[in-house]
Every structure is written in C-alpha cells, then in structure tokens.
Amino acid sequence: MAKATNKLHSKDLRQIGFTNDQHISLALDILDQRELRRLDKGSAQALLQEIKNDPFKYLRDENWRPLAEQLVPQPSRDVALNPEIKDYRRYGEAFIEDGARKQMDTAMQLPVTIDGALMPDAHQGYGLPIGGVLAVDNAVIPYGVGMDIGCRMALSIFDMPASYLNKHSQDLRKLLLEHTKFGNKEVFKKPFTDDPIFERPEFREIGVVRQKRDSAISQMGSSGSGNHFVEFGLVDITDPNNEMGVPIGQYVGLLSHSGSRGLGAAVAQHFTKVAMEKCPLPPQARHLAWLSLDSQEGQEYWRAMNLAGDYASACHHDIHRRLSKALGNKPLAQVENHHNFAWREKLPDGREAIVHRKGATPAGKGVLGVIPGSMTAPGFIVRGRGERDSLQSASHGAGRRLSRTQAKAQIGEGDMRRQLRDHGIELIGGGLDEAPAAYKDIHQVMAHQRDLVDVLGTFTPKVVRMDAGGGRGKGRGE
C-alpha cells in the first residue's frame, strides 16, 4: 500500500503527546486512507493534536471514531449493570440489525432503567440506538438524547395547486438557494436576531451555552449537514377528520429537517464528558452514562437541553417564515415534532419517568407528527394513538439500510441520479450517503407501527436541498 503523502511517522506523533504504540499505529493507519492522503504533514499533525486534546469531538467522525474511542479517558468501573435484561417491545424486529438490538439490550440493563422500546426504523447509533426509546428514573442520559438535541421535522401546508410544483420547479429551486443555508460554512449575512430565545437566562448562567451564544445567533435559520434538508413537495391529505382543519386534497408543502446546530453539539459533548466522569460504566455501556436530576450537573443539562430544543424550533420557524414570505403565501396549517430529546412523562403504571426518544417520534394520543421516507418515497403526516407498549412513540423516519460508508461504497453516482430523475426529484447538494437506496422501505416501516399512529396524509418530495458536502450527519429523519 502506498504511503500517505503527509509522511507522518511514529516519532512525529510522540512529539505531539501520543505515547501508546497501539494508538500511534491506529492513527497512522487511518491517515493512510485515500481521502486523508491529501493532508500535508503540518495539517495532519494539527488534526491529530486536536483529536488527542478533545476526542469527544470526533466520536461521530467516520474516519477518526476508532481512534477517538480509544483516546476517551477510561473511568474506573464503579457502576455495575444489572445482570438481567429488562423486557422491552421491538417493532419490526425481523429487519432491525443486531447492533441496534445489542445496544438496546445494554440500555435495558442500566440500574436507572424502568422501561424501553425499539422502533421499526432502528439502527445502530452511539450509546442508545437510533430508534431507541428509554424511560429512566430521575436521571437524564446525554447520549440517550444524542448529539443533535431537539432535531425535528416541520411542515407547512400551502393552499396552492399541486400543478405548481411541476410548472415552477426552477422557481422553487431558486427560492431554496436564496433562502436556506446549510453546513458549517453557510450563514445568513443578516440572521434573525430578534427571536426571544436569545434573551433566555441559560445563555448567561450555563458556561457551555454562554460560549455558543454568538454562533447560535449567526446560525439562526440554517440547517446542518448530512441528512438535514429543506424541500418542497406534494401534500396529500387523506383523512377528513384531521386536527389541522385542512380538507381532503392535494397541496404544496414545505418540509424541513434539522436540529440545534453547534449549540446542541457543544451541550451534548460537554455534558457527555461530565456524565462519563460522574457515572463510570463498563465499556459497552459507557456512552449511556447518566446525570441525576438531583445534581447540579443534571439540572444544568436539563435546562441546556430544553434551550437547545427551543433553539432548533426557532430555526425552523425562521426557515418557514423566510420561504413563506418569498412564496407570497401564508400556510394553511403547520405540523412540527421533535426527536433526540428527553421528556418528563407519566408511565401507564403512574410512575414519573424521564423518557428519552433518540430518533423516535412522540406519539401520545392525538399528538401530530411527520415521519419522512427517502427522497423517492413519501413521508407520512400522523396522529399518535398513545400506545403504552411503545411508550407513546413511533419511528422517526425510514431508518438506514446501509451505513454511510456502505452507501458510498455500494451506490454509484449515476445510479442515484437516474433514480432521482425517474421519480421527478430535483436535488440540490446531497451525497451518495443520502441516496434513497441507503434507506429502508418506509411502507414496510409504517406497516409495523399501525398500532402506534394513524395516517392523516402524505408528503412526497419534489425539490430538495441538502448540504453540498454530504457530511457526517445521521440517517434521513434522525
């Protein structure tokens, strides 16, 4: 195998503080990957120094995760798991991967765990699997909430004929290019700064939040990378008794998916580190470390988490406000729901619990939500049925069939573009990791949760914008 062009050697890594031969060998192996060989020696050294100083930041990086996991400080094993795995309901178990089931099994052994459920779109994540629902006693698990705190769906329905989508697709493309921003580099020159979110006391009273206030202001109204999107599409209302008050028929819809941006990531990284120091667990469970809500740290995380969730909502409202204004049309109705969050709820037996939904849609009785499919498959507007066994939850999307690495290796650019063209999809940005073939069949997912939600209508994407760089985000709808 050809050596990487950065030509780093063991001695170079020792000079920046690497002392473990295994870590050094792993770092050099990763640098030898094709996409990293373009780094010059100085850039490679600076990157490795950053990873060594803050490995938590790279736990979700596809390339560097193996090294970051090795560099995260290993606490003494003080907190033991329960030997028994508490029983939990699994929906669509036949096509849920083993990794997700094993992660959920581990979560059900935590001493604080009360109950749990696994949704039909579930796949392996970090700590709690994507699609995992976990109820715990008086505690919160930062990695049970996830890195993108309060990630959510927001749908606006416009009283415009379905024919508008085909006749004006290029106009809609232009609106998305002018009025949406994606990734870490794009922000609005004049972000909306008058939102009351920025006057919240958490921005003054919690250190990690205070440090992110300026970036939160600059990122207002923008969307993340990876699977995050803003798209115009066709809304088909099929239930005449929907709570939105929208008659049966077809409409133009605007759907967005994004979360709390850099603010949420900083909160998650900081408090995950705190939790792992306070609550040392065995290796397979260490990302499930929790903070007691009786502790100062637990209360700070709870406040910061709620702020991040509200900030994510404010970003969506800004996106829809900008695009509604540009369309010159006020929405007939809007539906919004979030996942990657923890709620204080009453369980069926009357006990109060903290319910974590990491990539799961709240589906309490009468609660509305949107469950997206892939770019070439419809999403569903749903009403929760309040099912007790699922902890009043449902899937949050189709769920990944292929990991991002697998998708990039197995799906060709031409194949993806042909599939999008055959379905009449106009895509701005995006990458192979978001190809429709990387996702499960949303119809199969919905078939496994008929007891969890009622379908009020569908949303079919037509003009889609995502980050041009692809990115390291999660699965569509996460």
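Colleague: Which residue of E11 stands opposite Arg344?
Modeller: Ile354 stands opposite Arg344, and further along Ala342 has His356 of E11 across from it. This is a predicted model, where local features need pLDDT of at least 70, side-chain atom pairs count only at pLDDT 80 or more, and totals for chains, interfaces and linings use all residues. Residues are numbered from 1 along each chain as its sequence is written, and side-chain values use heavy atoms, with hydrogens and water left out.

Colleague: How do you know that E10 and E11 are paired?
Modeller: Two strands pair if DSSP finds at least two bridges between them. Here E10 and strand E11 (residues 352-358) share six bridges, so they count as paired, and they run antiparallel. The strand and helix names come from DSSP runs, numbered from the N terminus: H or I of at least four residues for a helix, E of at least two for a strand.

Colleague: What sits in the hairpin of E10 and E11?
Modeller: Five residues lie between the two strands, and Gly350 takes a positive phi near 95° there.

Colleague: What is the order of the open sheet of five strands?
Modeller: The order is E1-E2-E3-E11-E10, with mixed pairing.

Colleague: What makes strand E1 and strand E10 edge strands?
Modeller: Each of them, strand E1 (89-90) and strand E10 (341-346), pairs on one side only.

Colleague: Which helices pack on that sheet?
Modeller: Helix H5 (residues 98-107) touches E1, strand E2 (113-126) and strand E3 (128-136), where contact means heavy atoms within 4.5 Å. The direction of H5 makes about 160° with that of E2. H13 touches E10 and E11, and its direction makes about 110° with that of E10. Those angles run from 0 to 180 degrees between N-to-C directions, using lines fitted to C-alpha atoms, for helices over the stretch in contact.

Colleague: Why is the contact of Phe271 and Tyr301 called edge-to-face?
Modeller: A pair of aromatic rings is described by the distance of the centres and the angle of the planes. Rings of Phe, Tyr and Trp (its six-membered ring) pair if their centres lie within 6.5 Å; planes under 30 degrees apart are stacked, over 60 edge-to-face, and the rest tilted. Phe271 and Tyr301 sit 5.5 Å centre to centre with 70° between the planes, so they pass both tests. Phe271 is in helix H12 (residues 261-278) and Tyr301 in helix H13 (residues 296-327), so the pair ties together parts that are 30 residues apart in sequence.

Colleague: And how do you know that Phe341 and Trp343 are an edge-to-face pair?
Modeller: Their values are 5.2 Å centre to centre and 70° between the planes, so the name applies here too. Phe341 and Trp343 are both buried. Elsewhere, ring pairs link Phe198, Phe203 and Tyr311 into a cluster.

Colleague: What makes you say that Arg344 lies over the face of Trp302?
Modeller: A charge sits over a ring if NZ of Lys or CZ of Arg is within 6 Å of the ring centre and within 35 degrees of the ring normal. Arg344 is at 5.3 Å from the ring centre of Trp302. The charged end of Arg90 sits over the ring of Tyr88 as well, at 4.7 Å from its centre.

Colleague: Why is Arg261 called buried or exposed?
Modeller: Buried means under 20% relative accessible area, exposed over 50%, and partly exposed in between (1.4 Å probe, protein chains only). Arg261 has 10%, so it counts as buried. Arg261 belongs to helix H12 and has a positive phi of about 55° although it is not a glycine.

Colleague: What about Asn340?
Modeller: Its relative accessible area is 3%, so Asn340 is buried too. Asn340 is in the loop between E9 and E10, and its phi is positive, about 55°, although it is not a glycine.

Colleague: What makes strand E5 (residues 152-158) largely enclosed?
Modeller: Seven of its seven residues are buried, so the rest of the structure largely encloses E5. In a regular strand the side chains alternate between the two faces of the sheet. Both faces of E5 are covered: Arg152, Ala154, Ser156 and Phe158 are buried on one side, Met153, Leu155 and Ile157 on the other.

Colleague: Which residues touch the most other members of the largest nonpolar core?
Modeller: Leu48 and Trp64 do, in a core of 81 residues. H13 gives the most to this core, with nine residues. A nonpolar core is a set of buried Ala, Val, Leu, Ile, Met, Phe, Trp, Tyr and Cys residues joined through side-chain atoms within 4.5 Å.
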